Amino acid sequence: MSPMPDPAVAALLESPSTYRVRPVFEGNNISYAIGFKHINYVSEAAVLNHFRVAGWPVGALYKRLGLGFEVVELRSRLAALLDVDDEVEAEVTPATKAGANEFTFKVAQFVQRNGERVKCADSTVRVALRIDGHIAAGEPYPAGLEQFAVARLGEGDRLELGVTPRPYGSLSEGRGTTGPDPVLDRLIGEENAFGWRWRMPYFYCHFNDRVQMSGFLRIMEEAEDLFLAERGLAIKEVLDTRNWIPVVTQSQIRLLDETLMEEELYTVYTIENVFKSLLYTARMDCYVVRDGELVKTATGTITHGYLTEHAPNEWSMATLDEATIEALSTPKKVTA
């Protein structure tokens, strides 16, 4: 019989928690709405608080046990617009299955609007505790925590490289590659996709070493922005000429392997479906070149559409016109 878990570990696994938080103003990019990235940040913050109130804040996990808190999967669905002035009540419900080596939490975000409690978003957040070989654990793991301590975050699929990578651009050339990139060309093939290569900066990373989940949310957002600009649907132009406000209704990212600080990340953004003239779905796949192979380190999907303001502060889904559907649906091999 397994020993009884430490009370703090039992609280992580069994006790729900509630966190009240306002979204960060940085996420107020369009009108008064908060974007999908910061909605995901709220869910992450709620899980961080769950660890805190259970008795194991992430700083203590790292300093005392040598364990780094890692969000390895984050799935979110938007139910209603989150306003820049909203105070979110985030309910965290533990949902970890027996024998799992990752914590699973369900996070529901609620706000008060016109005297009613309204759900704005649902998230599933999965967390691993990465053993850090650079910091000595000063204490033994509390009972029940050891199963969540992992030596690395995964072993992503390996692909034959097959081409010679183009040298990364100098500072004077910009932050990415310039001209065609043979690795991205290989990854894209004939797909309806956009490719982007970028050296991972330290400010997307944590624990001195690797890109964290929030970094991949930022990568997904920028890949979407670059793709739309390449297809003639740049955000500002669409805002100015059609009054279309971009909206993400669902997003999901899973870390498959570790992406290290200052590695060059190859991101491929592939359009999968355009449906009902309202929404389109895209897949993001991320790779690094390591030991002469392409290693897939992250994957995710996003569902995107547009809102239009049909009356002051009243929004509805915009119908995609034929020109927009054509731009989204027609492959155009461009790598950045």
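What share of the contacts in the chain with a separation of 6 or more comes from residues 24 or more positions apart? The share is 71%. A contact here means heavy atoms within 4.5 Å.

This is a predicted model, so local features need pLDDT of at least 70 and side-chain atom pairs count only at pLDDT 80 or more, while totals for chains, interfaces and linings use all residues. Residues are numbered from 1 along each chain as its sequence is written, and side-chain values use heavy atoms, with hydrogens and water left out.

## The whole chain

The chain has seven helices and 15 strands. Both are DSSP runs, numbered from the N terminus: helices are H or I with at least four residues, strands are E with at least two. The radius of gyration is 21 Å, close to the 20 Å that the globule rule gives for 336 residues, so the chain is as compact as a globular protein of that length. That radius is taken over C-alpha atoms, and the rule is 2.2 Å times the number of residues to the power 0.38. Along the principal axes, the C-alpha atoms fill a box of roughly 60 × 60 × 35 Å.

Of the 336 residues, 51% count as buried. Buried means under 20% relative accessible area, exposed means over 50%, and partly exposed lies in between (1.4 Å probe, protein chains only). The chain exposes about 15,500 Å². Carbon and sulfur atoms supply 51% of that area. Accessible areas come from the Shrake-Rupley method with a 1.4 Å probe; for residues, only the protein chains shown count as cover.

Now the charges. There are 34 positive and 48 negative side chains. Lys and Arg count as positive, Asp and Glu as negative; His and the chain ends are not counted. The centres of the two sets lie 2 Å apart. Each charge is placed at NZ of Lys, CZ of Arg, CG of Asp or CD of Glu.

## Aromatic pairs

A pair of aromatic rings is described by the distance of the centres and the angle of the planes. Rings of Phe, Tyr and Trp (its six-membered ring) pair if their centres lie within 6.5 Å; planes under 30 degrees apart count as stacked, over 60 as edge-to-face and the rest as tilted. A search of the whole structure finds 13 aromatic pairs.

Take F51 and F103. Their ring centres are 5.4 Å apart and their planes stand at 80 degrees, so the pair is edge-to-face. The pair links distant parts of the chain: F51 is in helix α2 (residues 36-54), F103 is in strand β4 (residues 103-113), and 52 residues separate them. F51 has 0% relative accessibility and counts as buried. F103 also has 0% and counts as buried.

Y62 and F207 form a tilted pair, with 4.7 Å from centre to centre and 35 degrees between the planes. Y62 lies in helix α3 (residues 58-65) and F207 in the loop between β9 (205-206) and β10 (210-211), so the pair ties together parts that are 145 residues apart in sequence. Both Y62 and F207 are buried.

One aromatic cluster is formed by F51, F69, F103, F105 and F148.

## Helix α3 and L61

Which residues of α3 are buried? They are A60, L61, Y62 and L65. These buried residues pack against α2, β2 (67-78) and β5 (116-131). After α3 comes G66, with a positive phi near 70 degrees.

L61 sits in helix α3. At 1% relative accessibility, L61 counts as buried. Leaving aside neighbours within four places in sequence, L61 is in contact with F51, W56, G66, L67, L129 and L145. L61 and A10 are 51 residues apart in sequence and 15 Å apart in space, C-alpha to C-alpha.

V53 belongs to helix α2. Is V53 buried or exposed? At 56% relative accessibility, V53 counts as exposed. The C-alpha atoms of V53 and A8 are separated by 8.9 Å, with their positions 45 residues apart along the chain.

## Positive phi in loops

Most residues other than glycine have a negative phi, and most peptide bonds are trans. The table lists two residues that have a positive phi although neither is a glycine.

| Residue | Phi | Loop | Relative accessibility |
|---|---|---|---|
| S31 | about 50 degrees | between β1 (17-21) and α2 | 45%, partly exposed |
| N208 | about 65 degrees | between β9 and β10 | 65%, exposed |
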